[in-house]
Amino acid sequence: GTSRSSTITTASAWPTPTDGDSRASSRSTTQSDRIFSSSVRCEEDCVSLWEPRLEDPDAEEVKEFVERQAALTDSVLARCEERERLRRQITAFFDHPRYSTPFKRRGKYFYYHNTGLQAQSVLYVQVVFIILCLDLDGGTNGFFPFCFCGWKDLDGEAEVLLDPNILSEDGTIALSIASVSKDGQYLAYGLSKSGSDWVTIKVIRIDDKTPESDTISWVRVILYSTHFVVGSPIFPMFSFPTVGEFALLHITEGCDPVNKLYYCDLYSLPNGLEGFRRSNEMLPFVKLVDNFEARYSAVANDDSEFTFLTNKEAPKQKLVRVDLKEPDMWTDILPEHKKDVLESAYAVNGNQILVCYLSDVKHILQIRDMSTGDLLHCLPLDVGSVSGISARRENSEIFISFTSFLSPGIIYRCNLATEVQEMKIFREISVPGFDLTEFDVKQSITEIYIRSSTAFQHMYMLVFRYSPLHNIKRPWEKSSGPSCQYPPTMLLTADHDDRVVPLHSLKLLAVSYSIYL
């Protein structure tokens with residue numbers, strides 16, 4: 001059925017190299033394929049031969065190459081009569097408010113918000129704990145005899161903390177990362193330009209937005225932090241648990257899910273972190289895990305006793321505990337599940353852990369005892385995906401961001417201190433023109449047989465739109481009358497999916513035809 005012949009010819013995709021250049025001259029591949037009775041020719045640039053030059057985006061030949069590709073693309077799109085209609089429709093779909101999962105630091109809530117068509121989302125702060133002092137004597141005594149404190153409603157008006165859209169005219173400066181200090185007084189944030197991986201980190205005071213002099217340039221890998229020292233040459237960006245004052249250092253290599261793990265007992269330092277304020281001296285880290293055999297992520301600690309999420313001898317991950325005083329004694333707190341994948345774990349509400357499992361292509365949330373790992377209760381959640389979790393050990397309140405086939409985004413708010421944990425809708429994203437009540441989602445399990453006749457289960461989702469004409473029957477039941485018909489079904493699969501072979505979709509189509517036609 002298919003024959004192929006290829007030839008290499010000289011073309012003008014690249015300027016001719018200068019004399020003495022050992023690399024190949026300007027080339028393109030002319031490839032002729034014969035597919036059944038049709039002949040197909042394809043010419044493509046041998047970019048791989050010029051990969052070293054593509055590493056320099058400012059080179060003149062690279063600029064010329066990019067301009068030619070852009071011109072070619074524009075010439076093709078200009079002939080598309082539906083382009084403007086599609087642009088208007090897609091713009092309308094994106095023109096709706098979006099919110100991130102709120103997170104809390106000392107009486108302040110922080111979240112990102114995009115009104116719809118903003119190039120960059122804006123970081124907001126909302127103060128919910130307030131202190132009001134009344135000076136009844138005109139300040140003559142230098143103190144306020146009457147003070148009131150209380151909580152404001154989280155649904156009230158928030159204040160813009162940082163708007164990256166005003167930092168450039170074309171909106172290409174992005175707020176790549178942001179971290180608030182534990183006391184809620186400082187914000188460390190990273191800016192990147194034009195999609196670059198390089199980030200510049202700055203610090204501001206949150207209350208009055210006053211910038212600090214601290215700046216770190218040309219940062220590529222950033223560790224999220226909850227504590228930092230302002231005024232040091234390079235302020236540390238480590239995770240500091242609230243008890244015991246330990247700094248954890250994760251060292252990664254490549255993209256594999258593995259890391260080394262070092263720690264530093266800050267409490268044992270003579271002057272704490274303050275002793276490193278004007279010093280280039282390194283912190284005295286101790287090696288806890290000094291190999292790249294597994295991944296370790298800290299969940300919580302009680303003094304020197306730490307709980308980690310790890311894939312050590314557990315591909316679906318588990319929770320383990322170790323005392324830094326006895327680094328060779330590791331104990332499983334929540335063993336690896338036989339089927340479900342433990343994706344994340346958060347310390348919440350004192351001595352509890354919120355865990356998120358991927359179970360049958362949907363997420364489930366559980367509250368477990370931190371000491372024993374025992375299940376306390378499950379949080380109610382529809383069929384869908386958890387896209388964000390905001391939780392801290394000192395807080396009983398958590399926020400869950402959720403998406404599904406029918407919802408572009410819901411943020412739930414839940415108080416774990418109550419007897420019945422209710423997932424209340426805090427914010428919900430709505431897309432104009434989309435009515436989710438017209439659709440329904442069902443989850444189904446099918447058995448697939450391989451050549452050895454061994455069966456294994458395959459989970460998939462079905463999305464239905466209600467119609468009075470649709471009277472779905474089981475395959476062995478005959479339809480009656482013209483009023484019974486089946487809805488059109490579109491199957492999607494990725495041609496490089498390493499978990500589900502694309503041929504499964506073709507098999508399902510073939511079986512559907514044999515049953516329903």
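## Side chains, helices and loops

Me: Is Phe426 buried or exposed, and what is its relative accessible area?

Reply: Residues count as buried under 20% relative accessible area, as exposed over 50% and as partly exposed in between, with a 1.4 Å probe and protein chains only. This is a predicted model, in which local features need pLDDT of at least 70, side-chain atom pairs count only at pLDDT 80 or more, and totals for chains, interfaces and linings use all residues. Residues are numbered from 1 along each chain as its sequence is written, while side-chain values use heavy atoms and leave out hydrogens and water. Phe426 is therefore buried, since its relative accessible area is 14%.

Me: How many aromatic pairs does a search of the whole structure find?

Reply: Rings of Phe, Tyr and Trp (its six-membered ring) pair if their centres lie within 6.5 Å, and the planes are called stacked under 30 degrees apart, edge-to-face over 60 and tilted for the rest. With this rule, the number of aromatic pairs found in the whole structure is 12.

Me: Are the rings of Phe306 and Phe308 stacked or edge-to-face?

Reply: The ring centres of Phe306 and Phe308 are 5.8 Å apart and their planes stand at 15°. Phe306 is buried at 1% relative accessible area, and Phe308 is likewise buried at 1%. Because of the angle between its planes, this pair is stacked.

Me: What kind of aromatic pair do Phe399 and Phe426 form?

Reply: The two centres are 5.5 Å apart with 65° between the planes, which makes the pair of Phe399 and Phe426 edge-to-face. Phe399 belongs to strand β27 (residues 397-403) and Phe426 to strand β29 (residues 424-428), 27 residues apart, and the pair links these distant parts of the chain. Phe399 is buried, with 2% relative accessibility. The kind of pair, then, is edge-to-face.

Me: Where does Lys209 lie, given that its side chain meets Glu159 in a salt bridge?

Reply: A salt bridge needs a side-chain nitrogen of Lys or Arg within 4 Å of a carboxyl oxygen of Asp or Glu, and the N to O distance for Glu159 and Lys209 is 2.4 Å. Glu159 sits in strand β10 (residues 159-162), whereas its partner is 50 residues apart in sequence, so the pair ties together separate parts. Both residues are partly exposed, Glu159 at 41% and Lys209 at 30%. Lys209 lies in the loop between β13 (199-205) and β14 (211-219).

Me: Which strand holds Asp332, the salt-bridge partner of Lys318?

Reply: The side chains of Lys318 and Asp332 meet at 3.3 Å, N to O. Lys318 is placed in strand β20 (residues 318-323), 14 residues apart from Asp332, and the pair links distant parts of the chain. Lys318 is buried at 10% relative accessibility, whereas Asp332 is partly exposed at 41%. The strand that holds Asp332 is β21 (residues 326-334).

Me: Within what arc do the buried residues of α2 fall?

Reply: Helices (H or I, at least four residues) and strands (E, at least two) are DSSP runs numbered from the N terminus, and helix α2 (residues 60-78) has 19 residues. It reaches 27 Å from its first C-alpha to its last, close to the 27 Å expected at 1.5 Å a residue, where the expected span is 1.5 Å times one less than the number of residues. In α2, Glu61, Val62 and Phe65 are buried. Seen down the axis, by the directions from the helix axis to the C-beta atoms, these buried residues line one face of the helix, because they fall within an arc of 110°.

Me: What value is phi of Gln317 near?

Reply: Gln317 lies in the loop between β19 (305-310) and β20. Gln317 is buried because its relative accessible area is 7%. The phi of this residue, which is other than glycine, is positive, being near 70°.
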